[in-house]
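Walk through this model one layer at a time. The route goes from helices on strands, to the strands themselves, to a contact between chains.

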Amino acid sequence: MTTYRFTAVRAQQAPGHDVFVFAAHPADVLSFAAIERVARTDDGQLKGFQRHQVASHIRDIRDYLTREDALLPNAVIIAFIEGVTVKDLSDGLVQVQIDVTQDSRPGFVVDGQQRLTALSGINKPEFQVFVSAVICKDYNELRQQFVLINNTRPLPKTLIYELLPNVEGLPERFTQRKFSARIVDMLNFTRGSSLHGEVRQHTNPTGMISDTAMQRLIMNSASDGAIRSLMRFDDREERAFQLVSEFFHAVARVYGSAWYGMAPRFSRLRHGAGIVAMGFVMDHLHSLEGAKERGQFEPGLRLLAPHTAWTSGQWPLEAWDTRPWNGIQNTPSDIDLLTRYLVSSLKKALRKPRRIANG
Amino acid sequence: MKFLYSDTQDYVDPGYDFLNDRCRPGRERYWSDVYAHEFMDPAPYDGLLVSMSAVRQAAGVATSKVRYSTREEQRLLRDGARQFLRYGGPRFKDTMLLGDCGAFAYVEHPVPAYAPEEVVEFYTEAGFTHGISPDHIIFACDLTNPSEQAVDAATRQRFAITLANAEVFLGLVKREGMPFEPLGPVQGWSPKSMAEAAHRLERMGYRYLAIGGLVPLKVDAIKAVLTAIRERIRPETEIHLLGFAKADSIHEFTGFGITSFDSTSPLIRAFKDEKANYYREGSDGRLEYYTAIRIPQATENARLMQGIKRGQFSAEDLLLRERRALIEVRAYDRGASSAEATLDAVMDYHQFLLRGDGTGAAQQDKALRKTAALVQRTLKHQPWKECDCAVCRDIGVEVIIFRSSNRNKRRGMHNLSVYHRHLSKTIQGTA
Ligand SMILES: [Zn+2]
């Protein structure tokens, strides 16, 4: 039998429940507490309660925790049914004794399993975590605690995206999203921007253009389009903002009635699918015509205009697929079709006047 | 004879951290990654084939994981396939870039997913050097040569569509000023009908034919087809074999005047084959194969995760065994562990890939013994130590571990390079 002793702080909460907190090494925590993943016994009874490991989540945590300055202020939560004795010291302090026998660990990890797994895989012998412990009278109460403790609502995505530009030290996968969120912020809140106040965000609920569609446009361009060529500059954000803003200045001028003040349900140009597809038109005009400013985007957009059906008419997307102006939805396959239609119409239109010019 | 590899976005992260199984920090998919022709010198193929169905979504095209995203398709059309595939510059200046329609992706559809106009436009914009007219696969090849009346209407229709498309296609390519060399696709239900198709394509004006529908055929059947075709066409007409799965038997096909063929099998077999995962040039001029050592990631492998979810295995326990297997294999490579101990550790983990598959203990024991014998042979011969390709030099024993795409695709690239060298020798040997 192994015995662990900790000095802990006790909190007064529900009568008849012991709740206390102490610091411990993750390896020790895993030797006195088990992670009981949810499963079925052979006769179909539910056992355990924890969800399964999420490899990518663990990797993100591990990446962060390997950093020298990594902190983990929130506690992992362990529930005990037995195997623990608590002795009062003074000033709210208690002495906790945990007895681990050969074949069972008395504690159950209620919250923090991914963090513990992440920590167990890295070499940081001095690193301690807070353990917040609760003693339950039986397994049912323990499972109930688990559900209550984990029943927090995740933050809405749009709020996370709006917070992103101002948060440092995020996992790798957020960085692309963060860059585009930053450009959307600039587009929405810079005076003189063609999209000033137009993008719907948590702090701008009256905006009409979807923030996720604008972010998609910027991420597409940053990974495979015009904005990618700007990434090597120190002032890449300013340049990306200018490019997109100039493009939509031209869009507003050429497609005025389908643009100004229109809600997405009345104009496909302001709808998620239209915004994302027009991003590819921007990339195309930038790459093949060298367009950077509104005056350089306008001629191409004018050539494209007769082929569009933003507010009325029909889209001849393919030989066998003609749709009414509002028959395009915000789905990847519709965006793909609209993109291909717009870009190939634009290409053909650009080709014609050149042929004439070349005689 | 040119060997073309059919691109399915096969690139690897050159800075991958094998000990921690992580991509290099800051790695951007595609941009930071390298294709086999960038990683290896000489490049392990003579050209690339790109299927339109992998790039462009269309009605009736099966969705696949490796399909290009809209933004990638748009960039490919803006920049051209050569720049997109980073297959340009003086090193690859004269290499072949062949476009096809990827007829497998719409095989169940009554008509091809793309019309000739659309295909010509696509090949032209993407800047291919060669392009195949949109064909429609006919599967069954009957060596008894049944007549046209004896086959079903659907087969006759596929035959007719393929030829009618080819005629329109060639006219369009000529009208555009031959921006690429057009290939006429040969489809048929028998050697004789395929020879007939080849003959008609030649009469239309095609100088280069692509023979389709070979994938399910045995070596002898393919020979019968090629013999029949060669008898009906001019000797100078060039031949490409589409999706040639018998690439290993290439020495049997040197007499048919084949200009080019494409195959994915050396790369795909690195992770799709049951046991032939690692190629080696044998002493007798033939290819030899080894089993890669499977040590999948416990919390990412679908099979193991199922067992964990059902409560059959414990995740922590599997992680421990997984780590032990990796440590042993690496120690063995350094000479710090024995083949027996390594095999034990590998099989101790490997058993969980079989346990719980419902076939019963006796069946599982048998399968385990089989695998153990194959792994033992790999461990004993240590083939990765003999190879001096860029992959094996760079990552050593990791190449033989069957685990995550960065190892498996690298092993595929090694296979491509062994195969490419083997092919050159075969051709020289018969010249
Ligand atoms: Zn090698």
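In this predicted model, helix H6 of chain B, residues 153-175, lies across two strands of chain B. They are strand E6 (130-132) and strand E7 (181-186). H6 runs at about 175 degrees to E7(B).

Helix H15 of chain B, residues 404-430, lies across strand E1 (2-6) and E10 of chain B. Its angle to E1(B) is about 160 degrees.

Now the strands. In chain B, eight of them close into a barrel, in the order E1-E4-E5-E6-E7-E8-E9-E10. The pairing is parallel. From one strand to the next, the twist averages 25 degrees. Strands of a sheet pair through backbone hydrogen bonds, either parallel or antiparallel.

Take one pair in detail. Strand E9 (residues 238-241) and strand E10 (residues 258-262) of chain B run parallel and are joined by three bridges. B:His240 has its bridge partner in E10(B): B:Ser260.

Next, the contact between chains. Two packed helices are described by the angle between their axes and the distance between the axes. Here the pair is helix H10 of chain A (residues 272-289) and helix H3 of chain B (residues 70-79). Their axes come within 11 Å and cross at roughly 20 degrees. H10(A) is therefore roughly parallel to H3(B), since angles under 35 degrees count as such. The crossing is right-handed.

Which residues make the contact? H10(A) supplies A:Phe280, A:Asp283, A:His284, A:Ser287 and A:Leu288. H3(B) supplies B:Thr70, B:Arg71, B:Gln74 and B:Arg78. By character, the residues of this contact divide into two nonpolar, four polar and three charged.

Key. Residues are numbered from 1 along each chain as its sequence is written. Chains are lettered from A and ligands numbered from 1 in the order in which they are written. This is a predicted model: local features need pLDDT of at least 70, side-chain atom pairs count only at pLDDT 80 or more; totals for chains, interfaces and linings use all residues. Side-chain values use heavy atoms; hydrogens and water are left out. Two strands pair if DSSP finds at least two bridges between them. Helices (H or I, at least four residues) and strands (E, at least two) are DSSP runs, numbered from the N terminus. Axes are lines fitted to C-alpha atoms, for helices over the stretch in contact, and angles run from 0 to 180 degrees between N-to-C directions. Contact means heavy atoms within 4.5 Å. Angles under 35 degrees count as roughly parallel, over 145 as roughly antiparallel, 65 to 115 as roughly perpendicular and the rest as oblique. A crossing is left-handed if the near helix is turned anticlockwise from the far one by less than a right angle, and right-handed if clockwise. Ala, Val, Leu, Ile, Met, Phe, Trp, Tyr, Cys and Pro count as nonpolar, Asp, Glu, Lys and Arg as charged, and the others, Gly among them, as polar.
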